[in-house]
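Below is a set of questions and answers on burial, charged pairs and surface character. Please keep the coordinates open while reading.

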Amino acid sequence: MGGSPRIVCIHQGVELYGSDRSFLQAVSALRESFPGAHITVVLPGEGPLNPLFAGLADRVQVRSLAILRLAEPVKTLLKGTIALPWYLLRAGIDLARADLVYINTAVVADYMLASRLAPRKSVIHVREIPKPKAMPVIRALCAFGNGGLIYNSGATGQAFDRPSSQRQAVVYNGVDPIEGAQPPSVPSAFDSDRPLRLAMLGRISDWKGQDLLIDALGLLNEGERARIRVRIIGSVFRDDPAPIEMLKAQIGRLDLNEMIGIEGFMDDPAQAYAWADIVAVPSKLPEPFGRVAIEAMSHGRAPVVAAHGGLVEIVEPECGWLFQPRDPQALAQCLREAIANPAMVQEKGKAALERFAHEFSSETMRTRLLDNLVRWVPALKEA
């Protein structure tokens, strides 16, 4: 493909969690397919994500966006009422000037509303399953804007339940093996001579299930506890220390200090995946996708996941463990099985790598995303 379309890409964050990395991949795919395009990236602040667009975007613009955040109700209300005309004006100008407006995540309210002015130019990449209180609002924004909807899983699409008259497609997220990690072909070295190593990576919050994992570990007997070591890796929203203090207190009550460590967020989690034998994703609420699971699979590490949301589309029994959501007993049983069966851990890890290669590689994601964008956006067909 060639040509010089004008593309504006908007994202709601500036960190390096799953949706941030997926946004970076999408912009990279657009640059690769349209090398002559003029690409503007709009972000709500400064952070580790911003410098990664050097060479991908012609311009990185930092400005306030009307982002829906339940954790900040006052700010969200002000942006959604008093300041909304200003936000809509700026978004409308971008729409008028662009050939494609790519909106990453379904919480960027100003651009989603403005897309009503030019729905054939607008694509919303839906990467979340909102909580029940937020879902009616976000579903209404998707309906009003009427732009194309890319879902990161079938579970996300089912949750939004939009009519077939609106353009929709499912494109699974993809990852590349993380730089610096052990080659994906290197299997877990877990055997009877050392403890099983389990890693959990992601935002520390109630719905991600760090406390559920700790409860499950507390159910193991003394011999099983001696055969497992755990790293919980991640940061909290707005640097609130309370969630981490609660986890540390829980670990102390269950006398698990020797087997569990809590570490801060890693920009590059390479060494965590290289260290681990298995990776836990025990989310209490349905994950719209589950990027950590496919990152683990890309390194030949079998995931242990809650069986709901997009995770059931990622993990099949031969390449990991699925357990009843919110059930620490069920999770503990999966851990017991892994501790007792080093050969099974290695076999599932190999199967996980094979499934990743067929379904969840970055190249597969890029091809499927671009196929839909070109099919939906007239200017891209001509480029």
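Burial and salt bridges

Q: Is Glu224 buried or exposed, and at what relative accessibility?
A: The model is a predicted one. Buried means under 20% relative accessible area. Glu224 therefore counts as buried, its relative accessibility being 16%.

Q: Which residue forms a salt bridge with Glu224?
A: The closest N and O atoms of the pair are 3.3 Å apart, and a salt bridge requires such atoms within 4 Å. The partner of Glu224 is Arg336.

Q: How many residues apart are Glu224 and Arg336, and which helices hold them?
A: The salt bridge joins Glu224 to Arg336. Glu224 belongs to helix α8 (residues 222–225) and Arg336 to helix α13 (residues 328–340). The pair links distant parts of the chain, with a separation of 112 residues.

Q: What is the distance between the closest N and O atoms in the salt bridge of Asp58 and Arg31?
A: The structure holds 14 salt bridges. One of them pairs Asp58 with Arg31, and their closest N and O atoms are separated by 2.8 Å.

Q: Which parts does the pair of Asp58 and Arg31 tie together, and how many residues apart are they in sequence?
A: Asp58 forms a salt bridge with Arg31. Arg31 lies in helix α1 (residues 18–33), and Asp58 in the loop between β2 (38–43) and β3 (59–62), so the pair ties together parts whose separation in sequence is 27 residues.

Q: Which relative accessibility does Asp58 have, and which does Arg31 have?
A: The limits are under 20% for buried and over 50% for exposed, with partly exposed in between. Arg31 is buried, at 13%. Asp58 counts as partly exposed, at 45%.

Q: Which residue forms a salt bridge with Glu359, the closest N and O atoms being 3.7 Å apart?
A: Glu359 counts as partly exposed, at 25% relative accessibility. Its partner is partly exposed too, as Arg368 has a relative accessible area of 31%. The residue that pairs with Glu359 is Arg368.

Q: Which residues are joined into one network by salt bridges that share partners?
A: Such a network forms where salt bridges have partners in common. Its members are Asp206, Asp211 and Lys284.

Q: Why is helix α7 largely enclosed by the rest of the structure?
A: Helix α7 covers residues 210–218. Its buried residues include Leu212, Leu213 and Ile214. The helix is largely enclosed because its buried residues number seven of the nine.

Q: Which residues make the nonpolar surface patch of about 300 Å²?
A: One member of the patch, Trp86, is placed in helix α3 (residues 84–97). The patch is made by Trp86, Leu89 and Ile93.

Technical notes. Residues are numbered from 1 along each chain as its sequence is written. This is a predicted model: local features need pLDDT of at least 70, side-chain atom pairs count only at pLDDT 80 or more; totals for chains, interfaces and linings use all residues. Side-chain values use heavy atoms; hydrogens and water are left out. Patches are made of residues with over 30% relative accessible area and no salt bridge: like charges are joined within 9 Å, nonpolar side chains (Val, Leu, Ile, Met, Phe, Trp, Tyr) within 5 Å. Accessible areas come from the Shrake-Rupley method with a 1.4 Å probe; for residues, only the protein chains shown count as cover. A salt bridge is a side-chain nitrogen of Lys or Arg within 4 Å of a carboxyl oxygen of Asp or Glu. Helices (H or I, at least four residues) and strands (E, at least two) are DSSP runs, numbered from the N terminus. Buried means under 20% relative accessible area, exposed over 50%, partly exposed in between (1.4 Å probe, protein chains only).
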